[in-house]
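Dear colleague,

I am passing on the structure we spoke about, and below it you will find my notes on what turned up in it. Please read them with the coordinates open beside you.

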Amino acid sequence: MPLALHSALSGVLTSIPSPDVSYFDLGPVRIHIYALCIIAGIIAATLLTNHRLSKRGAEPWVVIDIAILAVPLAIIGARIFHVLTHPNFYFGEGKNTWNPFEPGSVWAIWEGGIAIFGALLGGAVGAYLGCKWTGIRFWTFADALAPGMLLAQAMGRFGNWFNHELFGLPTDLPWGLEIESDNSAFPPGLTEGTLFHPTFLYEVIWNLLGVVLLLWIGRRLSLQWGKLFAIYLIWYSAGRVVWESIRIDPSEIILGLRSNVWASIIGIVVGLVILVVQTRRHTGQEPSPYAPGRERKVSADVQSQHDLDDFVDVSEPPAEVTAGATATSTAS
């Protein structure tokens, strides 16, 4: 890189500041930006999944019926997983474990603290039940959802930026993240002004690249029967192993590795198993996005409002003319 260009870039980007606010008030209601990021991600994933599922032949917006069960269970699973893997945050002397009206309770999801692997477990249960309800094949839905999941995760990570949380090791790179020294996660002994790896941004970039990859490879290889969802698990989990390894927020350590690193390794293994098993079991294409016997019912009503040539006369037919009756005509 030319020296002049390098100097110009260095002058523009010397660090990434953390946002000054993490919430705003609307009258008596406090709106956390973290929650808005999660909601925006859910909406984006729903829209993309609906588009992909409809193209496969499913009824438009059937995704809403599935999401009614999947989203709440995903959020509950995400919170439970986070609490279980960070017990020192919520349990013990001096901790507010159960009072939702004080900071730090297990209920205070608006303060941050949800785990994607818990969301996957809870969401999978909800999606399975929703698919049983609507008749959609579970793996068809999973494949349609996969790119939207990565998109939602990318959008949700901005919530960590607003909450000044989940950053990585100290760095002197020009894109280091600014964290205030009085932040509870600021490592003791470091000087004020120390910059940290913006792991939220690394994951955003990785996930967005994954969206492009899944859309491309799914179309090029026509991956069905859950194979595209398997690629999602492998891609996301592989990146998460790296980001978790450089994060410095407190976490349970199991056999020398953070709990979420182990969860990511399990995610890779599960993805590989799904890919291998489904490839062996299903060599052809899915015959329908619906389970056998639950195919979409197409209405027989004829509706034509724009093209008179398509008009079908559904009025009552004329009475049958009996022999000897006098025929009349109004034609001129």
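Which residue of strand 2 does Leu26 stand opposite? The partner is Val29, though please keep in mind here and throughout that this is a predicted model. The pairing to which these residues belong joins strand 1 (residues 23-26) to strand 2 (residues 29-32), in the antiparallel sense and over 4 bridges. The two strands form a hairpin with 2 residues between them, and in that turn Gly27 has a positive phi of about 65°.

Most of my notes concern helix 7, which covers residues 199-221 and has 23 residues. From its first C-alpha to its last, helix 7 reaches 32 Å, which is close to the 33 Å expected at 1.5 Å a residue. Its buried residues include Phe200, Tyr202, Val204, Val211, Leu214 and Ile217, and also Glu203 and Asn207. As for what they meet, the buried residues of helix 7 pack against helix 6 (138-162), strand 3 (177-178) and helix 8 (227-246).

Just after helix 7, Ser222 takes a positive phi of about 50°. In the loop between helix 7 and helix 8 lies Trp225, whose phi is near 60°, a positive value in a residue other than glycine. Trp225 is counted as buried because its relative accessible area is 12%, where buried means under 20%.

A residue to set beside Trp225 is Leu255, which has its place in the loop between strand 5 (253-254) and strand 6 (257-258). Leu255 likewise is a residue other than glycine with a positive phi, in this case near 55°. Is Leu255 buried or exposed? With a relative accessible area of 78%, Leu255 is exposed, whereas Trp225 is buried.

Helix 7 also has a part in the second largest pocket, in which about 410 Å³ of space lies. The elements that give two or more residues to the lining of this pocket are helix 2 (33-55), helix 6 and helix 7. The lining is made up of 16 residues, and those that lie nearest the centre of the pocket are Arg52, Lys55, Arg56, Gly218 and Arg219. Of these, Gly218 is also listed among the buried residues of helix 7. By class, the lining of the second largest pocket has 5 nonpolar, 5 polar and 6 charged residues.

With best wishes

How values were computed
Residues numbered from 1 in each chain as written. Predicted model: local features only at pLDDT ≥ 70, side-chain atom pairs only at ≥ 80, totals over all residues. Heavy atoms only, no water. Expected span 1.5 Å × (residues − 1). Buried < 20%, exposed > 50% of the residue type's maximum accessible area, 1.4 Å probe, protein only. Contact = heavy atoms within 4.5 Å. 1 Å grid on protein atoms, 1.4 Å probe; cavity = no way out; pocket = protein on both sides within 12 Å on 5 of 7 lines; lining within 4 Å. Points joined across faces, edges and corners; volume = space filled by probe spheres on them. Nonpolar A, V, L, I, M, F, W, Y, C, P; charged D, E, K, R; others polar. Pairing = 2+ DSSP bridges.
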